Structure formats: structure tokens, C-alpha cells
Amino acid sequence: MQQYKILIVEDDRGLSQGIAMALREENTLFFQAYSLGEARKIWMSEPVDMVLLDVNLPDGSGFDFLQEIRKISQVPVLVITANDLETDEVTGFSLGADDYITKPFGLMVLRARVERMRKRMEGKPKGANYKDDSYEFFFDKMKFYAEGQEIVLSKTEQKLLRLLTANPGQTLTRERLLEVIWTDGAEFVEENALSVAVNRLRKKLEIRGRESSIQTVYGLGYRWRR
């Protein structure tokens, strides 16, 4: 039976552990992030089925991460916040949150809401994580198509593609790409490793008569052409 993967983004380590314990059951795997930076790294490297997202994090707002998620995925997201404000609730739903809970909350109540979200998603077909006129990328299934033809990507190429398509039109610096893609330690990666990965990915995505969607921003990094 396939594991159900939940990403918990909560800077309170005690609460994060409590949530994981309350939701723990067979075939459920948890990834715990205590900051936006950690959450982004996990998101880019692991296909998760649900996100429990605290709004107030030490390095930024969870709403920013929610926006990033919704650019490429309809994975269910439950927003957690200490702010009992109607405006925060409205903001969360307007950005694509599926549910909302305010601290302090009972773990049994949280469990009931998570179960409701899971049942709501059961039987729903999963859409493409990214789609345009030429490409269709299913990151959850690790299936990638260019002009309807399936292409095979390495894990590094998948990470690179996911990061680029999640930020269309934005220049991603070489430093950020190295940090996110080679999470085990970018300082030990050879200088040309990123260039090699980009060139291999470009070649696999190549479509005759069309400019490459991966553009080089000289001196800075790369971006995905809208």
C-alpha cells in the first residue's frame, strides 16, 4: 500500500511532534519543517499528499509558501495560525487553502479536519502539476511529456524543472538552485554541475522551432519562460 505523505510546517517543535503523533497511522509518513526554508527544500524533493501550514514562521509568512504551492499543485493545504482574525481566514481561502484552524486547538479536532480533507480528495483525479501548450509535467507521478512524447528525467532534473516551473518568469540565482537541488551540501558540488544539469534538461525538453523555455540570465542564473 502506497504511503500517504504529510508535510508539517510548524516552528513550534513540540506542537509539530504532537501533530505527528495525533495523526500517526499505518502507511502515513511525516516530513517536518520548522521554517519556510526547510519547507521549500522538502517540497522540492518530496511529492507530498497534504500540507499542514503554520502562517507565522521565523523566516516569513506561510501565505507566501501557499502561493508557491498553488502555482503548481492542488495538494490539500490546512492553514494553522495563532491569529484569530477574519482577514487571515479570508486570505488563506483566497490563496487556495482547503481548511483553516486557529491556535490553540485540540488535536482530535485537527485529526477530524485532516480526515475530512483526505476523504474529500479520495477519488478525485490528480491534474497535471504543470501544463502549457507544449508541456505536461506530473511531478507526483514522475511523468513528463513534451509535445505528447514521454521523456525520462533524473531526480536532479526533476528538482530543477519543478523549481523553475514553480516560479515562471522569475530569475532563480545559481546559488538558490544549488542550495535547493543539492540539499546534501551545495558547497561540495562542482562549479559546472548546475550548468551540466540545465543543458541536459534543455536537450530533453527540446522542441523544434521553439525557443527553449529555460532561459539563461547571464551573470545571475536561469528562469522559465512564461
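The legends below describe close-up views of one predicted model. Residues are numbered from 1 along each chain as its sequence is written, and side-chain values use heavy atoms, with hydrogens and water left out. Because the model is predicted, local features need pLDDT of at least 70 and side-chain atom pairs count only at pLDDT 80 or more, while totals for chains, interfaces and linings use all residues.

**View 1. The open sheet of 5 strands is shown with its parallel pairing.** The strand order is β2-β1-β3-β6-β7. At the edges stand β2 (28-33) and β7, each with a single partner strand, so one side of each is left without a neighbour in the sheet. On average, neighbouring strands of this sheet are turned by 15° against each other, direction ignored. Strands are DSSP runs of E with at least two residues, helices are runs of H or I with at least four residues, and both are numbered from the N terminus. Two strands pair if DSSP finds at least two bridges between them.

**View 2. Strands β1 and β3 pair in the parallel sense, and α5 lies across the sheet strands.** Strand β1 (residues 4-9) and strand β3 (residues 50-54) are joined over 4 bridges. Val9 has Leu53 of β3 as its bridge partner. Helix α5 lies across β1, β2, β3, β6 (77-81) and β7, and runs at about 175° to β7. Axes are lines fitted to C-alpha atoms, for helices over the stretch in contact, and angles run from 0 to 180 degrees between N-to-C directions.

**View 3. Thr81 is a buried residue of strand β6.** Its relative accessibility is 0%, so Thr81 counts as buried. The term buried means under 20% relative accessible area, exposed means over 50%, and partly exposed lies in between (1.4 Å probe, protein chains only). Leaving aside its neighbours within four places in sequence, Thr81 is in contact with Asp54, Val55, Asn56, Asp88, Tyr100, Ile101, Thr102 and Lys103. Contact means heavy atoms within 4.5 Å.

**View 4. Two loops carry backbone features at Pro104 and Glu147.** A cis peptide bond links Lys103 and Pro104, with omega of about -10°. Pro104 is placed in the loop between β7 (99-102) and α5 (107-121). In Glu147, a residue other than glycine, phi has a positive value near 55°. Glu147 is found in the loop between β10 (143-146) and β11 (149-151).

**View 5. The open sheet of 3 strands is shown with its antiparallel pairing.** The strand order is β12-β14-β13. Both β12 (172-173) and β13 (214-217) stand at the edges with a single partner strand each, so one side of each is left without a neighbour in the sheet. Over 2 bridges, β12 pairs in the antiparallel sense with strand β14 (residues 221-224). The bridge partner of Leu172 in β14 is Tyr222. Helix α6 lies across β12, β13 and β14, running at about 65° to β14.

**View 6. The second largest pocket has a volume of about 200 Å³.** On a 1 Å grid over the protein atoms alone, a pocket is an open set of points with protein on both sides within 12 Å along at least five of seven lines, whereas a cavity is a set of points where a 1.4 Å probe fits but cannot get out; lining residues have an atom within 4 Å of a point. Grid points are joined across faces, edges and corners, and a volume is the space filled by probe spheres set on the points. Helices α2 (36-45) and α6 (155-166) each supply at least two residues of this pocket's lining, and α6 gives the most, with 4 residues. The lining divides into 4 nonpolar, 2 polar and 4 charged residues. Ala, Val, Leu, Ile, Met, Phe, Trp, Tyr, Cys and Pro count as nonpolar, Asp, Glu, Lys and Arg as charged, and the others, Gly among them, as polar.

**View 7. The largest cavity holds about 100 Å³ of space.** The count is 2 cavities of 30 Å³ or more. Residues lining the largest cavity include Arg40, Trp43, Phe65 and Val180. The largest share of this lining, 3 residues, comes from α2. By class, the lining of the largest cavity has 6 nonpolar, 1 polar and 3 charged residues.
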